Amino acid sequence: FDMADTPEQAGSSFKPYVFASALQNDPQQQGLNTIYDGSNNQVLAGTTVHNAEGDPTGPINVHDAMTQSVNTVFYNMGLKTGLPKVRATAIQAGIPDQILNTSGTGPKMVPSLKDTNGVIEGGISIGQYPIRPRDQAQGYATLANYGNYIPTHFITKVVDEQGSTLYTFNTPAKPAFG
C-alpha cells in the first residue's frame with residue numbers, strides 16, 4: 001500500500017504555506033516578529049480554535065508561534081491573508097489543484113484544499129484538508145529551494161551499458177511565487 005499517495009490531513013505541517021502566503025500578500029505587515037494573540041480557545045470567524053495543551057497565551061511573535069505550533073495564530077493569519085490566497089500559495093508551491101476522490105459513486109478529480117461544496121474553511125490554516133505526503137514533499141522542496149519550483153522526479157539520469165546517457169532530467173527551476 002503506497003502511503004505517499006494516500007491523502008491525509010496535513011495538520012500543523014500546513015502552517016508554512018500560511019506564513020508564505022502572508023509574506024507574499026502582505027510583506028510590509030507580516031514577518032517573523034509580527035505579534036499575534038496566541039491565546040487558547042479563540043472564536044475566529046465563528047469557529048472556536050484550540051491550541052494544544054500547554055501552548056502560550058497572550059501576545060506571541062510568528063517565529064515562536066511556528067516553533068510552538070500555535071493554532072490560533074495561524075488560523076487568524078490565514079483569515080487576515082485571505083483563505084483563497086493561502087490555497088493559491090500552497091498550489092504554487094506544488095500541492096495539486098485537484099486530487100482523486102475515490103469515495104462515493106466512483107473515482108473522480110475534485111478540487112483540493114476545499115470542502116466538497118467548494119468552500120475554503122478557515123481550518124485550511126491548520127491543515128484541515130487532506131494532501132498526499134508526496135505533494136507535501138514537493139511543496140516543502142519548493143520552500144526549501146528559495147521559492148523555486150522543480151517538478152517531482154525520481155530519475156535524474158539513465159545510461160546504457162556502454163555509459164551513453166539515454167535520459168537526463170534537466171527541467172530548470174522556475175519561481176513559484178510572485
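Is Tyr140 buried, partly exposed or exposed in this structure? In the predicted model examined here, Tyr140 has a relative accessibility of 34% and therefore counts as partly exposed, since that class lies between the 20% limit for buried and the 50% limit for exposed residues.

The aromatic residues provide a starting point for the description. The structure holds 2 aromatic pairs. One of them is formed by Phe14 and Tyr17, whose rings are tilted, with a distance of 4.9 Å from centre to centre and an angle of 50° between the planes. Phe14 is buried, at 1% relative accessibility, and Tyr17 is likewise assigned as buried, at 0%. Tyr17 also pairs with Tyr140: the ring centres lie 6.1 Å apart and the planes stand at 55°, so this pair is tilted. The pair links distant parts of the chain, as Tyr17 belongs to helix 1 and Tyr140 to helix 5, with the two positions 123 residues apart. Through these ring pairs, Phe14, Tyr17 and Tyr140 are joined into a cluster, in which Tyr17 is buried whereas Tyr140 is partly exposed.

Helix 4, which spans residues 83-93, has as its buried residues Leu83, Val86, Arg87, Thr89, Ala90 and Ala93. When the helix is viewed down its axis, these buried residues fall within an arc of 160°, and they therefore line one face of helix 4. The spacing can be read against the geometry of an α-helix, in which there are 3.6 residues a turn, so that residues three or four places apart point the same way. The cover over the buried residues of helix 4 includes helix 1 (15-25), helix 3 (71-81) and helix 5 (133-144), and strand 7 (108-111) and strand 9 (148-149) are also among the covering elements. Just after helix 4, Gly94 adopts a positive phi of about 135°.

Ile91 also lies in helix 4, but at 24% relative accessibility this residue counts as partly exposed, because the value is not under the 20% limit that defines a buried residue. When residues up to four places away in sequence are not counted, Ile91 touches Pro96 and Asp97. The C-alpha atom of Ile91 is separated by 12 Å from that of Lys114, a residue 23 positions apart from Ile91 along the chain.

Two threonine residues outside helix 4 were also considered. Thr81 is located in helix 3 and counts as buried, with a relative accessibility of 10%. The side chain of Thr81 reaches the backbone oxygen of Met77 at 2.8 Å. With residues up to four places away in sequence left out, Thr81 touches Ser21, Ala22, Asn25 and Val86; of these, Val86 is one of the buried residues of helix 4.

Thr34, by contrast, is found in a loop, namely that between helix 1 and strand 2 (35-37). Thr34 is nevertheless buried, its relative accessible area being 18%, a value under the 20% limit. The side chain of Thr34 reaches the backbone oxygen of Gln29 at 3.4 Å. When neighbours within four places in sequence are set aside, the contacts of Thr34 are with Gln29, Ile60, Asn61 and Val62.

Methods. Residues are numbered from 1 along each chain as its sequence is written. This is a predicted model: local features need pLDDT of at least 70, side-chain atom pairs count only at pLDDT 80 or more; totals for chains, interfaces and linings use all residues. Side-chain values use heavy atoms; hydrogens and water are left out. Buried means under 20% relative accessible area, exposed over 50%, partly exposed in between (1.4 Å probe, protein chains only). Helices (H or I, at least four residues) and strands (E, at least two) are DSSP runs, numbered from the N terminus. The arc is that of the directions from the helix axis to the C-beta atoms. Contact means heavy atoms within 4.5 Å. A polar contact is a pair of N or O atoms within 3.5 Å; within protein, one must be able to donate a hydrogen and the other to accept it, and residues adjacent in sequence count only if both atoms are side-chain atoms. Rings of Phe, Tyr and Trp (its six-membered ring) pair if their centres lie within 6.5 Å; planes under 30 degrees apart count as stacked, over 60 as edge-to-face and the rest as tilted.
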